[in-house]
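Student: I would like a close look at a single part of this protein. Please start with the whole chain, then zoom in.

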Amino acid sequence: MKGSTLLFLLTCLLSVTISRAQDITASPEAQFSVITCGPGTELYATFGHSAFRFRDPTRGIDWVYNYGTFDFDTPNFYGKFVRGKLPYALAKQRFENFLYTYQLENRYVREQLLELSPAETNALLQFLEENNQPENRFYKYDFLFENCATKIPDILSKVLGPPLVYSFDHLTDSKSFRDLIHENLYWNSWSSFGIDLALGAVIDRKAEGSEFSFLPKYVEQQIANASLKDRSLGGRKRPILALNSPTPNAVFTATPLFWMLLVLGITLVITWIDFRNKTRSKVLDFILFFTTGAAGCLLLFLWFFTDHTATAWNGNLLWAFPLNLILAFGLLARPAGFKKERGYLILLLILLATGAGLWLAGVQIFSPVVLPLWAALMLRYIFLIHLKKMPI
């Protein structure tokens, strides 16, 4: 759902500049539809895409109103992107140009006609045209609650008012936001691991009916089950590009689980050697403490210094503990003995146990990929506590 450099550049190259058209009136043959696009291989495209399509054969118009774009010329672009402050925008482009991107990426595109009266079609057209003006087209993006997919039912509600009723009887399974996100992710992928690392316990609550609509495929279902006065809102569906969305085929050695198991294996071997020799590998301790501390600082930044709503209350901070970053440099310079930090190490073990308890209680679901890493950290912490009692 998020834009990418390639997608944005293609949109800029293939889109046309369409002049201010607030006086446009749709002909009786005009038709609105909702476009649903399949997922792609890149993270930004993993969850698919939604947009409005407006066709008026009488006037030779075939436009897409796309809420999934942003402007690379925005001042401090990367800073705003990281902090969740980057404004996203509505863009209008010819349908053939919009479609070209999905042909290149081999992603399916489906169309769902909207059963609107001429007056309702005109009202929606005028809303989108007004929303497309430079002073109106930007909005604050939120992955869960304000994106290209959620815009579809929200705008229809604003334009059509109380006669439009959304029914969610088709949602028979109770799912959390994390469950919904993982429907589009392979569990042993870096995308899945990264999302589970960055997003906190707030996404482990159950999603209500309308909250499913942050994913395009559920918007498609929502439209199909909506009613407008005495008729259904969703009309005929048809495939436009009947392509199979690509499935990533990762080699196991390129997956996060492989690397976490490798960390565990290396930690086991080095810790056994250290135990036999009554010494300590300062390099291993530096890597473990520095990595977990740096990760913790990043998670703290995402929680407290960004506008991302999904990064709050992140239990990963219980094992990716920010203070480890400070201790890492002290351990690197210290001789073989380890005498002063026993209480801190015991605290780290308690935090690891607390994280496991939160997982078992369902407060936050962690990536299963972290289990080998947790085991490596626990082993090393216990060894360092024991090392304090060893002769130097």
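Student: What does the accessible surface of the protein chain come to, and what share of it belongs to carbon and sulfur atoms? After that, take me to Tyr381 and its surroundings.

Tutor: Keep in mind that this is a predicted model. The accessible surface of the protein chain comes to about 18,500 Å². Carbon and sulfur atoms hold 63% of that surface. The chain has 392 residues, and 50% of them count as buried. It contains 13 helices and 10 strands. Now look at how the chain folds back on itself. Take the contacts with a separation of 6 or more: 78% of them join residues 24 or more positions apart.

Now zoom in on Tyr381. Find helix α13, residues 370–387; Tyr381 is in that helix. Its relative accessible area is 3%; that is under 20%, so Tyr381 counts as buried. What surrounds this residue? Set aside the neighbours within four places in sequence. Tyr381 then contacts Phe289, Asn324, Leu345, Leu348, Leu349 and Leu352. Also find Arg342. It lies 39 residues from Tyr381 in sequence, yet the two C-alpha atoms are 9.1 Å apart.

Follow Phe289 next. In the largest nonpolar core, of 87 residues, Phe289 is among the five that touch the most other members. The others are Phe52, Leu156, Ile181 and Leu233. Helix α13 gives this core its largest share, nine residues. A second, separate core has 10 residues, including Ile35, Phe95, Phe98 and Leu241. In soluble globular proteins, nonpolar side chains tend to be buried together.

Methods
Residues are numbered from 1 along each chain as its sequence is written. This is a predicted model: local features need pLDDT of at least 70, side-chain atom pairs count only at pLDDT 80 or more; totals for chains, interfaces and linings use all residues. Side-chain values use heavy atoms; hydrogens and water are left out. Helices (H or I, at least four residues) and strands (E, at least two) are DSSP runs, numbered from the N terminus. Buried means under 20% relative accessible area, exposed over 50%, partly exposed in between (1.4 Å probe, protein chains only). Contact means heavy atoms within 4.5 Å. Accessible areas come from the Shrake-Rupley method with a 1.4 Å probe; for residues, only the protein chains shown count as cover. A nonpolar core is a set of buried Ala, Val, Leu, Ile, Met, Phe, Trp, Tyr and Cys residues joined through side-chain atoms within 4.5 Å.
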